[in-house]
Amino acid sequence: MSEKINRISIIGAGYMGRQIIEKSALYGYNINVFDVSSEGLEEFINDVKKKIDKKKIKIDITIYNSISEAVKNADLIIEAVPEKLELKREIFSQIDKSAPSHAILATNSSSIPISKLEEEVERKDKVMNIHFYNLFTMPLADIMRGTQTSDATFQKSKLWVESIEVIPLEVKKECYGFVLNRIWRAIKKDCLKIWAKGYADLETIDKAWPIFCQYFITNNFGPFKFMDRIGLDVIYDIEMSYFKNSGLGDDEPPDNLKEMVVRGELGVKTGKGFYNY
Ligand SMILES: NC(=O)c1ccc[n+]([C@@H]2O[C@H](COP(=O)([O-])OP(=O)(O)OC[C@H]3O[C@@H](n4cnc5c(N)ncnc54)[C@H](O)[C@@H]3O)[C@@H](O)[C@H]2O)c1
């Protein structure tokens with residue numbers, strides 16, 4: 001596999017595709033673009049060109065009229081067309097036929113694991129989920145492999161994501177919702193339930209949430225550091241209480257947590273929990 005990514009091809013230049021184009025251009029990558037709709041695309045590309053000229057970045061950005069042309073000399077192709085499985089499968093198949101053999105094929109899909117697209121391509125070792133959030137205001141990207149993605153593809157994709165100053169969130173095993181979307185989904189799901197079942201007004205939730213988040217930001221906490229601070233025995237008992245109340249297997253705390261409690265790894269108060277203190 002060639003070492004360096006120089007040219008990126010974006011298939012689907014809508015809300016997300018345009019962000020990927022702009023950010024990649026600002027970090028010096030050559031860009032090929034294809035979209036079935038030309039609405040506002042030329043104006044957008046001209047704006048990006050002005051921005052990179054100002055920064056004296058010398059790259060090429062070209063809009064093509066077909067997928068085959070747009071991918072023919074690319075090192076990395078990112079598909080960002082609407083979230084429709086059949087459409088993405090068709091696009092992946094077309095890309096695979098025309099892209100150079102070394103090129104990595106990635107989807108920016110929010111929910112479709114790459115394993116659902118990989119059967120459309122020959123190069124099953126060179127496919128990835130690279131799921132961006134907002135590239136400018138929330139520079140994070142879940143990166144997830146398919147069933148046959150090689151380590152080289154994964155590492156190369158990760159390095160590229162880092163090269164445009166986006167933090168890669170590595171998904172170790174294929175899962176629905178990646179990393180951050182899955183966490184957000186859990187929050188969203190219960191907020192909707194609390195509101196729909198009339199337990200609290202949505203304004204109450206919206207008032208509490210920023211204060212809760214501010215506490216995390218101020219203390220530089222993630223959920224695991226926060227649980228360590230509370231105490232893992234306490235966390236375990238709380239989770240068991242939810243489980244006993246609902247009786248749903250999905251609410252049962254993981255055995256790994258129980259084992260930590262049994263070993264006396266209770267967090268900050270015992271010097272060891274998820275982290276060492
Ligand atoms: N909107 C978000 O916040 C967000 C965030 C992360 C990931 N995503 C994912 O990114 C992908 C794109 O989402 P979006 O919000 O940018 O959608 P969008 O509708 O803004 O853009 C999709 C673009 O694809 C083009 N397109 C449609 N059919 C095409 C085809 N056959 N060939 C080439 N181009 C085609 C459309 O003309 C449009 O410009 C989806 O898979 C979505 O799940 C979206």
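Accessible areas here come from the Shrake-Rupley method with a 1.4 Å probe. By that method, the chain exposes about 15,800 Å². Carbon and sulfur atoms supply 54% of that area. This is a predicted model. The chain is divided into two parts, domain 1 (7–170) and domain 2 (180–270). A ligand is present, and 21 residues surround it.

**Overall build**

- The chain has 277 residues, and buried residues make up 42% of them.
- Its secondary structure consists of 10 helices and 8 strands.
- Along the principal axes, the C-alpha atoms fill a box of roughly 60 × 40 × 40 Å.
- The C-alpha centres of domain 1 and domain 2 are 35 Å apart.
- Take the contacts in the chain with a separation of 6 or more: residues 24 or more positions apart account for 62% of them.

**The ligand and its shell**

- The closest of the surrounding residues are M16, D35, E83, K88 and S110.
- S110 reaches the ligand with its side chain: a polar atom there lies 2.7 Å from a ligand oxygen.
- Y15 uses its backbone instead, with a polar atom 2.9 Å from an oxygen atom of the ligand.
- G14 also offers a polar backbone atom, 3.5 Å from an oxygen of the ligand.
- On its own, the ligand has 830 Å² of accessible area, and the protein covers 73% of it.
- Three elements are listed as giving two or more residues to the shell: helix 1 (15–26), helix 4 (85–98) and strand 6 (127–132).
- Helix 4 gives the most, with 3 residues.
- By type, the shell divides into 11 nonpolar, 7 polar and 3 charged residues.

**G17 in helix 1**

- G17 lies in helix 1, an element that also contributes to the ligand shell.
- What is the relative accessible area of G17, and is the residue buried or exposed? The value is 1%, so G17 is buried, the cut-off being under 20%.
- Not counting residues up to four places away in sequence, G17 touches I10, G12 and A80.
- P223 is 206 residues away from G17 along the chain, and their C-alpha atoms are separated by 31 Å.

**The loop between strand 7 and helix 5**

- T149 has its place in this loop, and S150 is found there too. Strand 7 spans 140–145 and helix 5 spans 151–163.
- T149 has a relative accessible area of 8%, under the 20% cut-off, and therefore counts as buried.
- A polar atom of the T149 side chain lies 2.8 Å from the backbone oxygen of V127.
- The T149 side chain also has a polar atom 2.7 Å from the backbone nitrogen of G146.
- Beyond its neighbours within four places in sequence, T149 is in contact with K124, D125, V127, M128 and F154.
- S150 makes a side-chain to side-chain polar contact with T153, at 2.9 Å.
- How far apart are S150 and D125 in sequence and in space? They are 25 residues apart in sequence, yet 5.0 Å apart in space, C-alpha to C-alpha.

**Two residues with positive phi**

- Most residues other than glycine have a negative phi. The two below do not follow that pattern.
- K56 has a phi near 60°, a positive value.
- K56 is found in the loop between helix 2 (41–54) and strand 3 (61–63).
- The relative accessible area of K56 is 68%, over the 50% cut-off, so K56 is exposed.
- E165 has a phi near 55°, again positive in a residue other than glycine.
- E165 lies in the loop between helix 5 and strand 8 (167–170).
- E165 has a relative accessible area of 54%, also over 50%, and is therefore exposed.

How values were computed:
Residues are numbered from 1 along each chain as its sequence is written. This is a predicted model: local features need pLDDT of at least 70, side-chain atom pairs count only at pLDDT 80 or more; totals for chains, interfaces and linings use all residues. Side-chain values use heavy atoms; hydrogens and water are left out. Domain bounds come from an automatic or database domain assignment. A residue is near a molecule or strand if one of its heavy atoms lies within 4 Å of it. A polar contact is a pair of N or O atoms within 3.5 Å; within protein, one must be able to donate a hydrogen and the other to accept it, and residues adjacent in sequence count only if both atoms are side-chain atoms. Helices (H or I, at least four residues) and strands (E, at least two) are DSSP runs, numbered from the N terminus. Ala, Val, Leu, Ile, Met, Phe, Trp, Tyr, Cys and Pro count as nonpolar, Asp, Glu, Lys and Arg as charged, and the others, Gly among them, as polar. Buried means under 20% relative accessible area, exposed over 50%, partly exposed in between (1.4 Å probe, protein chains only). Contact means heavy atoms within 4.5 Å.
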